[in-house]
Structures are given as C-alpha cells and as structure tokens.
Amino acid sequence: MKKKLFIKTYGCQMNVYDSGRMADVLAPLGYEPTDAPEGADMVILNTCHIREKAAEKVYSELGRIRQLQKDKASDGGRMVVAVAGCVAQAEGAEIMVRAPHVDMVFGPQTYHQLPEMVARAVRGTGGVVNTDFPVESKFDLLPEESAAPAGPAAFLSVQEGCDKFCTFCVVPYTRGAEFSRPVAQVIAEAKRLAAAGVREFTLLGQNVNAYHGEAQDGTVWGLGRLIRGLAELEGVERIRYTTSHPRDMDDDLIAAHGEVPQLMPFVHLPVQSGSDRILAAMNRKHTADDYRRIVERMRAARPDLALSSDFIVGFPGESDQDFADTLRLVTDIGFAQAYSFKYSARPGTPAAGMDGRQVPEAVKDERLQALQQLLNAQQVGFNESSVGQVQDVLLDRVGKKAGQLLGRGPYMQSVHLIAPERLLGSVAPVRITAAFANSLTGEVVTLDDHAADAAAGTEEVRV
Ligand code: SAH
Ligand code: SF4
Ligand code: F3S
C-alpha cells in the first residue's frame, strides 16, 4: 500500500533541492508526496539553522506535529517524524531531548541512507540520529529523480559545503567541507531534466562559483566552463547560478556573462557590509572596493546585468560610520533586489563570542529599517525602468486569476499576465506594461504586434 510523505522545507534553495531528492530516495519504499501533514505516514521537517528565528520555528512546528502523530496513533496508524537539514546537523540528539516524539534526526549529507534509517525507526528501538559527514558522497548513491520536475524551472545542485568560515555563519559546520560534483554527473542530471521539459536550470551551491568539478579527461572545470558545457545541451534555454561569493568571481565566469546567451543577466552576489573593518571582522576576505571592482568587470561583460545581494546589519562592533559605509556601497552599486538581516548570534561561531561588542537590538532595528528603505526604493526604481521593455519571460505557473499566467523575466522579476494556458512552460516575449514593488504586469507580444511595429518603423528594445 502507498504511504503518504509530507516534507516541509525551510531555508535556502539547497534545502529545496534536498527535499526533492529525499522524496526520490523514499519513493521505492512506497512513500508518495502529499501536501498536508494530517494523516501522513512520515513527516520530515527539512530545517535551517542560519538565524535563531529560523531554528526556533522548528520546535513550534514539532509541537503541532506531535498532536497529529497522536491522532494518527488513535486511528491505529503510525506517523514517523524526522528532523533533517541544518538544525538536525547542528543539534543532533539534543532535538530528541527537547522533542522525544521525533524518530529520526539526520543531516544534509546522510539522507541517501534513509532506507536503513526508516527500517531502524520503524522497528522502534529508539530514535535514529545520523549526523556524520560520511566519506562517500550522497550524490554517488542517490537514485535518479523519480518524480517529474515540478515545472520548467529546476534547481540543479553542483557544489556543496563551505570552507570560508565567515565568523557569523553556521554553514561550514552544518553542510561540511566544500565539495564539487563531477562534471559528467551534473551533465547527466541536466540532460534528464531537459528531456523531462525543464528549460531553466539554476545551478546551486553554498559557494557555487567555487565549483571545481572533475571532468572525464581529468581536467578541472570551473563554473564558467560548466555553464558553457551545459549551454550546449539540447533544451537548455536559460542558466542561472546561486549563491556566489565575490572572491570566486573569476575571469572565465565573468566572460561567460558576455558570451553565453543562455546565461541570464542577473546575479545574486552577497556582500554583507560596505565597511572594510566589518568585512575583515567577518572574515569575508574582500573589501568594499574589491566588490565595486568585481561589479564593474561584470557590467563591462554584460552591461544590462542586474544584481542582488545579502546584507547583515548590527554585526558585533558595527559603528554608525560602518553602517554609513554600507549605505554608501548600496547607493554606488544600485541593486535590483536584495535581502537584509539583523545579525543573529549563532552558537559555536566566532562572532557569537565577541563579548561586549554586540550591537543593541534597537540599533539593529533602526539600521535594518534604513537599509531596507534604500533597497526597496532601488527595487521599485529598477522595476519601473522595465516598463515599455519587451522581455523574454519563462511562463512557469498558473496565476490565481482566471486566464492568468506567472513567469520570470531575465532579471528574476516576477511577471503577471493574461495569456493562453498552452504557453505554460515556454519562454514568450512580453511587453511590460506596469511595475509594482514586487512584480510586473505585461502582455504577450503577438506576431501582429511585430508586423505593426515593423510597419511603423519602430524598433523594439529586446533584452
Ligand atoms: N553562501 C552565501 C550565503 C549563505 S547564508 C554567502 O556566502 O554569502 C545566506 C545569508 O544569510 C548570508 O548571505 C547572510 O547575509 C545571512 N546570514 C548568515 N548568517 C547570519 C547570521 N548569523 N545572522 C544574520 N544573517 C546571517
Ligand atoms: Fe557562510 Fe560565508 Fe560560507 Fe557564505 S561564504 S556559506 S556566508 S561561511
Ligand atoms: Fe539554512 Fe542550511 Fe541553507 S542553515 S540557509 S538551510 S545551508
């Protein structure tokens, strides 16, 4: 009999990718994904440890799940409850002390061992904790994707882990050492996804541009080379990558932005701060000017390149002047969108121990608000500058309104339009008609429009 599997995913795209692969591992055991935890035979919370709030959410969710597990038991069933991902890796057996109804705790590098873990958990001889960093790579042992891709845009994990040890960050501890998948493995997965209808590939890694995968002839490919290789495959219409680090933005990757038409003109490049003093304390190993120069080089290769970033405000010791330097960097660069966070002290990281230098919560709040105001204004300005352009939009979802499709333009803006459903899954030319804070509206450019434009002698701006 089929069993129901509910997976709730927190955190970054890497976790989204992992959740999909967990479902692939569990499919041969008879587990089928379901949309709600009620009545499920297995519930997996795939968790994030990046900030305190993210980690705490897991425990409140576990409280809710406990009731559902009891309901299932009173119906004579059994709900296996698992905590996976980065909280699992960081807290391990602690989780079972706080939440004894949890059956399995496993980290991001061991989920290929789920069949054995499930067998042990179901036998009921106590909880299973599996937070090793095994010598084998999960990628060598995972089955091929069992489910059809969810749409025409898919994530493809190419690199994992991080050796950079920024002083605020848990990722090197939860994801482990940096590792690149071999080229042939990435290409094979991309071919399967393309054959299943995927058109846009987002290459994933905690430090995706640190990619250094071994090719079959023994040479080592960087991310730029991998992108060029993927661009040659049938059906690969768009390529993106995330998240990259400024230090690994090498010449070949920058050149690829000018040379590979499928590589989209939008890059998420976290900078964290605009103050050299804070960047040094964060162990980022780049200055604010290094970042400015990298962006200049990228824009020289691809003049319409749009950028996104991550910022942390209130890192220990951050002064008003340091924060002003961050605002100045934002003004200099001009971001199409960005994420900003209040510094959150994470257990075991060096910055958490910078005693006496922690910034008061009220100051963090104030700085976050000022930064977000500036970033939001830049985002609105960027969206407004799109009005009147014709953008190639990948129509990947059905909207809430009748006849509405949603998609993404080259610069990752969300575009809403009324269009025939047969266009779902394809890239269509869309004239942008209005801009909002978080989205654009548009209309599909038809052949008639092209003819009219040609007759009137108007030239279309194609981006
Ligand atoms: N690998 C990426 C980002 C990983 S985490 C990089 O190198 O930039 C995603 C974002 O969360 C980070 O860019 C950072 O802005 C934020 N972040 C990480 N640790 C944090 C902490 N302790 N407090 C607040 N924000 C944090
Ligand atoms: Fe964390 Fe820094 Fe590694 Fe990014 S580069 S994952 S912020 S340690
Ligand atoms: Fe969170 Fe782990 Fe990703 S801590 S951001 S889920 S790598």
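Tutor: A polar contact is a pair of N or O atoms within 3.5 Å. Please keep in mind as we go that this is a predicted model.

Student: Which residue has a polar side-chain atom 2.6 Å from an oxygen atom of ligand 1?

Tutor: For a polar contact we look for N or O atoms that lie within 3.5 Å of each other. A distance of 2.6 Å is found between an oxygen atom of ligand 1 and a polar side-chain atom, and the residue that supplies this side-chain atom is Asp-310.

Student: How much of the accessible area of ligand 1 does the protein cover?

Tutor: On its own, ligand 1 has 540 Å² of accessible area. With the protein around ligand 1, the part of this area that is covered comes to 89%.

Student: Which elements give two or more residues to the shell around ligand 1?

Tutor: The ligand is surrounded by 16 residues, with Phe-168, Gln-206, Gln-272, Asp-310 and Ser-344 as the closest. The elements that contribute two or more residues to this shell are strand 15 (306-313) and strand 16 (337-342).

Student: Which residues have a polar backbone atom 2.8 Å from a nitrogen atom of ligand 1?

Tutor: Here the protein partner is a backbone atom, whereas Asp-310 uses a side-chain atom. One such backbone atom, 2.8 Å from a nitrogen atom of the ligand, belongs to Gln-206, and another, also at 2.8 Å from a nitrogen atom of the ligand, belongs to Ser-344.

Student: How many nonpolar residues are in the shell around ligand 2?

Tutor: The residues around ligand 2 include Cys-162, Phe-165, Cys-166, Val-171 and Pro-172, together with others such as Lys-164 and Arg-284. When this shell is divided by class, there are 2 polar and 2 charged residues, and the number of nonpolar ones is 7.

Student: How many charged residues does the shell around ligand 3 have?

Tutor: Around ligand 3 we find, among others, Cys-12, Asn-15, His-49 and Arg-175. The shell has 4 nonpolar and 4 polar residues, and the count of charged residues is 1.

Student: What is the volume of the second largest pocket?

Tutor: This pocket is lined by 13 residues, and those closest to its centre are Gln-109, Pro-134, Glu-136, Ala-177 and Phe-179. The lining divides into 6 nonpolar, 3 polar and 4 charged residues. The volume of the second largest pocket is about 220 Å³.

Student: Why is the chain as compact as a globular protein of its length?

Tutor: The chain has 15 helices and 21 strands. For 463 residues the globule rule gives 23 Å, and the chain is as compact as a globular protein of that length because its radius of gyration is close to this value, at 23 Å.

Methods: Residues are numbered from 1 along each chain as its sequence is written. Chains are lettered from A and ligands numbered from 1 in the order in which they are written. This is a predicted model: local features need pLDDT of at least 70, side-chain atom pairs count only at pLDDT 80 or more; totals for chains, interfaces and linings use all residues. Side-chain values use heavy atoms; hydrogens and water are left out. A residue is near a molecule or strand if one of its heavy atoms lies within 4 Å of it. Ala, Val, Leu, Ile, Met, Phe, Trp, Tyr, Cys and Pro count as nonpolar, Asp, Glu, Lys and Arg as charged, and the others, Gly among them, as polar. A polar contact is a pair of N or O atoms within 3.5 Å; within protein, one must be able to donate a hydrogen and the other to accept it, and residues adjacent in sequence count only if both atoms are side-chain atoms. Accessible areas come from the Shrake-Rupley method with a 1.4 Å probe; for residues, only the protein chains shown count as cover. Helices (H or I, at least four residues) and strands (E, at least two) are DSSP runs, numbered from the N terminus. On a 1 Å grid over the protein atoms alone, a cavity is a set of points where a 1.4 Å probe fits but cannot get out, and a pocket is an open set with protein on both sides within 12 Å along at least five of seven lines; lining residues have an atom within 4 Å of a point. Grid points are joined across faces, edges and corners, and a volume is the space filled by probe spheres set on the points. The radius of gyration is taken over C-alpha atoms; the globule rule is 2.2 Å times the number of residues to the power 0.38.
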